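Hi everyone, thanks for coming. Let me put something on the screen and then walk you through it.

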Amino acid sequence: MNEQRRPGLNCPKCNRFIETTITELISASYIECKHCRLRLEINKQESKRALEILGDVERAKQRVQEASTFRR
Ligand SMILES: [Zn+2]
């Protein structure tokens with residue numbers, strides 16, 4: 001089974017999977033493909049709203065994880 005839950009995207013140049021995090025997508029200005037070194041610039045103005053929504057989801061998930069580890 002492939003792990004489909006990892007966040008990331010497929011490189012448009014070499015078509016391999018670039019693993020990234022939503023936090024990284026929000027904070028970085030570009031993503032670099034580790035396989036072919038292609039730099040994908042993030043269009044912040046266009047994607048900002050979508051990333052903000054995704055960022056909320058990510059933060060909520062982290063909160064859940066923190067809560068569950070704290071509980072033991
Ligand atoms: Zn690539």
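I'll talk about the metal site, then the core.

Quick housekeeping: this is a predicted model, where local features need pLDDT of at least 70, side-chain atom pairs count only at pLDDT 80 or more, and totals for chains, interfaces and linings use all residues. Residues are numbered from 1 along each chain as its sequence is written, and side-chain values use heavy atoms, with hydrogens and water left out.

So, what holds the zinc ion? Four sulfurs do: the SG atoms of Cys11, Cys14, Cys33 and Cys36, at 2.3 Å. Donors here are N, O and S atoms within 2.8 Å of the metal (3.2 Å for Na, K and Ca), and since water is not among the atoms, sites may look incomplete. The angles between these 4 donors run from 105 to 113 degrees, which makes the arrangement tetrahedral; for four donors, that label needs all angles between 85 and 135 degrees.

Along the chain, the donors are spaced C-x2-C-x18-C-x2-C. Cys14 and Cys33, 19 residues apart, link distant parts of the chain: Cys14 is in the loop between β1 (8-10) and β2 (17-19), and Cys33 is in the loop between β3 (30-32) and β4 (39-41). Strands are DSSP runs (E, at least two residues), numbered from the N terminus.

Buried or exposed, what is Cys33? Cys33 is buried, at 0% relative accessible area, while Cys14 is partly exposed at 26%. Buried means under 20%, exposed over 50%, partly exposed in between (1.4 Å probe, protein chains only).

Finally, Cys33 also sits in the largest nonpolar core, 8 residues in all, among them Cys11, Ile18 and Leu40. Such a core is a set of buried Ala, Val, Leu, Ile, Met, Phe, Trp, Tyr and Cys residues joined through side-chain atoms within 4.5 Å.

Notes
Tetrahedral: all angles 85-135°; square planar, octahedral: opposite > 155°, others 65-115°. Helix = DSSP H or I, 4+ residues; strand = E, 2+ residues; numbered from the N terminus.
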